[in-house]
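Biologist: Could you take me through one spot in this model up close, and then show me how the rest of the fold is laid out around it? I'd like one connected walk-through rather than a list.

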Amino acid sequence: MFNLGWLPGAEHGVTTLRETTLQAADAALSLLKKDGLLTICIYPGHEEGMRELEALLNWAAQLDPKKYDALLKTYVNQPNHPPRLLAVRRVK
């Protein structure tokens, strides 16, 4: 499980980064067993968060559909770039 962005109450200049997030997601994916689930809560309300969202959606879209299911859950009635939940399940 990943919860991206910055630590509540902490300095907002210290945040997760697209490059290291993608590396960590790849590493986590390699550890999943059949029916294992990787969840990533993405906060696109700041510049780096928007970059992470775009990169992670591209990453998930390229996963082999014979091996993984990738699901994006989003709020459609929330303003100001609400968080998104990306879930990837290993099916094979």
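Biologist: Let's start with Thr21: is it buried or exposed, and which residues does Thr21 touch?

Modeller: Thr21 is buried: its relative accessible area is 5%, and the cut-off for buried is under 20%. Bear in mind that this is a predicted model. Thr21 sits in helix H1, which covers residues 18-31. Leaving aside residues up to four places away in sequence, Thr21 touches Leu4, Thr16, Glu52 and Leu56. Across the protein, 32% of the 92 residues count as buried, and Thr21 is one of the buried ones.

Now zoom out. The protein has 2 helices and 4 strands, and going along the sequence they follow the pattern β-α-β-α-β-β. The radius of gyration is 13 Å, close to the 12 Å from the globule rule for 92 residues, so the protein is as compact as a globular protein of that length. If you want a feel for the dimensions, the C-alpha trace spans about 40 × 30 × 20 Å along its principal axes. As for contacts between residues at least 6 apart in sequence, 64% of them join residues at least 24 apart.

On to the strands. The 4 of them make an open sheet in the order S1-S2-S4-S3, and the pairing is mixed. S1 (2-3) and S3 are the edge strands, each with a single partner strand, so each has one side left without a neighbour in the sheet.

S4 (residues 84-90) runs antiparallel to S2 (residues 37-42), and 6 bridges join the two. On that side, you'll find Leu38 opposite Val88 of S4. S4 is also antiparallel to S3 (residues 68-74), this time through 7 bridges. Two pairs let you trace that seam: Thr74 has Arg84 of S4 as its bridge partner, while Asp69 is matched with Arg89 in S4.

Last, the outside. The accessible surface comes to about 6200 Å², with 57% of it belonging to carbon and sulfur atoms. On the charge front, there are 11 positive and 10 negative side chains, and the centres of those two sets lie 12 Å apart.

So, back to where you came in: Thr21 is a buried residue of helix H1, with Leu4 and Leu56 among the residues it touches.

How values were computed:
Residues are numbered from 1 along each chain as its sequence is written. This is a predicted model: local features need pLDDT of at least 70, side-chain atom pairs count only at pLDDT 80 or more; totals for chains, interfaces and linings use all residues. Side-chain values use heavy atoms; hydrogens and water are left out. Two strands pair if DSSP finds at least two bridges between them. Buried means under 20% relative accessible area, exposed over 50%, partly exposed in between (1.4 Å probe, protein chains only). Contact means heavy atoms within 4.5 Å. The radius of gyration is taken over C-alpha atoms; the globule rule is 2.2 Å times the number of residues to the power 0.38. Accessible areas come from the Shrake-Rupley method with a 1.4 Å probe; for residues, only the protein chains shown count as cover. Lys and Arg count as positive and Asp and Glu as negative; His and the chain ends are not counted. The place of a charge is taken as NZ of Lys, CZ of Arg, CG of Asp or CD of Glu.
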